[in-house]
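Visitor: Could you take me on a close look at a single part of this protein, the strands in the middle of the sheet and what lies around them? I work at the bench, so please tell me what each term means as you go.

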Amino acid sequence: MQYEKEFLRNLYRNLLDMRLLEQKMVDTYAQGRVPGHIHSGVGQEASFVGVLANFKEGDYYKRTHRLTAVPYMMGTSLDTFFGELLSKTTGNSGGRGGAIHIGELRTGDLGFSGTLGCDAAVGVGAALTIDAEGRDNLSFVFMGDGTSSRGPVYEAMNLASAWKLPVLFVCHNNQFAISTPSSYSIAVEHPGADRAAAFNMPSKVVDGTDVLAVYEAAKELVAGIRAGNGPAILECKDYRWRGHFEGDQCAYRDPAVTEKYMEEKDCVKIMEGKLKELGFLTDAEIEKMRADFDQEMDESIKRAQAAPEMKPEDIYDCLYV
């Protein structure tokens, strides 16, 4: 498939920004500046960047706690992002939600529950709204391989299929849920795609470390959904480089396998290689992109640190609204 230079460079830029922002969160957490936990998505960027390259105005997306950086790519400012990450009043919920609740509805972000999978129907509900209004939009519902085994996910899939609602269910299969290998806990090889037949949905399995492969697979499924053919499932096979949360020692997996993925299946380096081979990107440009964004993030973190914190008497504001 032929692509315009600018499209490919934008894909790469999103990959790079997601990688750098995820790494910056890890570093900021290690410095003791982030209340609560963060769940790093380093290594899984292509599964989100490739899918959401098909997003258009009026669509919705229902994400998980990984990648935390996705809301920035979708339009949430760095100041809002770091404000919420550092629990400051400049965050999108005034610091009440923290790392896993960054995001704004105006960007199509439907938020999510910390009890993964229990709110999959929210994304289906958004698709019901789209259907009722007669729009050619859709709802992207992301989940992990562990979440794919939860009952509420099956209920959401069944309803979406029975009513032919515009939903793309995206299983980003990083192979480990929290700490249990999917090969040990799931009876099928492909936790997302192999279950599609039960709900009469088309599905695809793709290498989640190749952003163009992800984009192309998602594009084909999205075209069918926008045409009114009902929901579909896309499974992106990738690998979580870090633990389930920062501080996780990862005693449940082989470090040599992790190292191999990091060396051979780095989605950012893979895309860099393709663009440099095409003559669309140089090492000097990459270095400048990295330096410029790093400076932007550092300046935003400084502003967030200087911002006020929520007062105890404000804790119940916006509890119901």
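Guide: Happy to; what follows is a walk along one strand, its partners and the spaces lined by residues of this chain.

This is a predicted model, in which local features need pLDDT of at least 70 and side-chain atom pairs count only at pLDDT 80 or more, while totals for chains, interfaces and linings use all residues. Residues are numbered from 1 along each chain as its sequence is written, and side-chain values use heavy atoms, with hydrogens and water left out.

Let's start with strand β3, which spans residues 167–173. Helices (H or I, at least four residues) and strands (E, at least two) are DSSP runs, numbered from the N terminus. Seven of the seven residues of β3 are buried, where buried means under 20% relative accessible area, exposed over 50%, and partly exposed in between (1.4 Å probe, protein chains only). In a regular strand the side chains alternate between the two faces of the sheet. Here Val-167, Phe-169, Cys-171 and Asn-173 point one way from β3, Leu-168, Val-170 and His-172 point the other way, and all are buried.

Now for the partners of β3. Two strands pair if DSSP finds at least two bridges between them. β2 and β3 pair in the parallel sense over six bridges, with Val-141 standing opposite Phe-169 in β3. β3 and β5 also pair in the parallel sense, over six bridges, and there His-172 stands opposite Cys-236 in β5.

The link from β2 to β3 deserves a look too. β2, helix α6 (residues 151–162) and β3 make a right-handed β-α-β unit; a crossover is right-handed if, with the strands pointing away from the viewer, the path from the first strand over the helix to the second runs clockwise. In the loop between α6 and β3 you will find Lys-164. Lys-164 has a positive phi of about 50 degrees although it is not a glycine. Most residues other than glycine have a negative phi, and most peptide bonds are trans. At 46% relative accessibility, Lys-164 counts as partly exposed.

Next, step over to β5 (residues 232–237), where Glu-235 is found. Glu-235 is buried, with a relative accessible area of 0%. Leaving aside neighbours within four places in sequence, Glu-235 is in contact (heavy atoms within 4.5 Å) with residues including Cys-171 and Asn-173, as well as His-190 and Lys-204.

Back at β2 (residues 139–144), this strand gives three residues to the lining of the largest cavity, the most of any contributor. On a 1 Å grid over the protein atoms alone, a cavity is a set of points where a 1.4 Å probe fits but cannot get out, and a pocket is an open set with protein on both sides within 12 Å along at least five of seven lines; lining residues have an atom within 4 Å of a point. Grid points are joined across faces, edges and corners, and a volume is the space filled by probe spheres set on the points. The largest cavity has a volume of about 110 Å³. Of the 14 residues that line the largest cavity, the closest to its centre are Arg-63, Thr-64, Gly-117, Asp-119 and Phe-142.

Last stop: the largest pocket holds about 330 Å³ of space. Of its 20 lining residues, those closest to the centre are His-65, Leu-116, Thr-147, Ala-177 and Ile-178.
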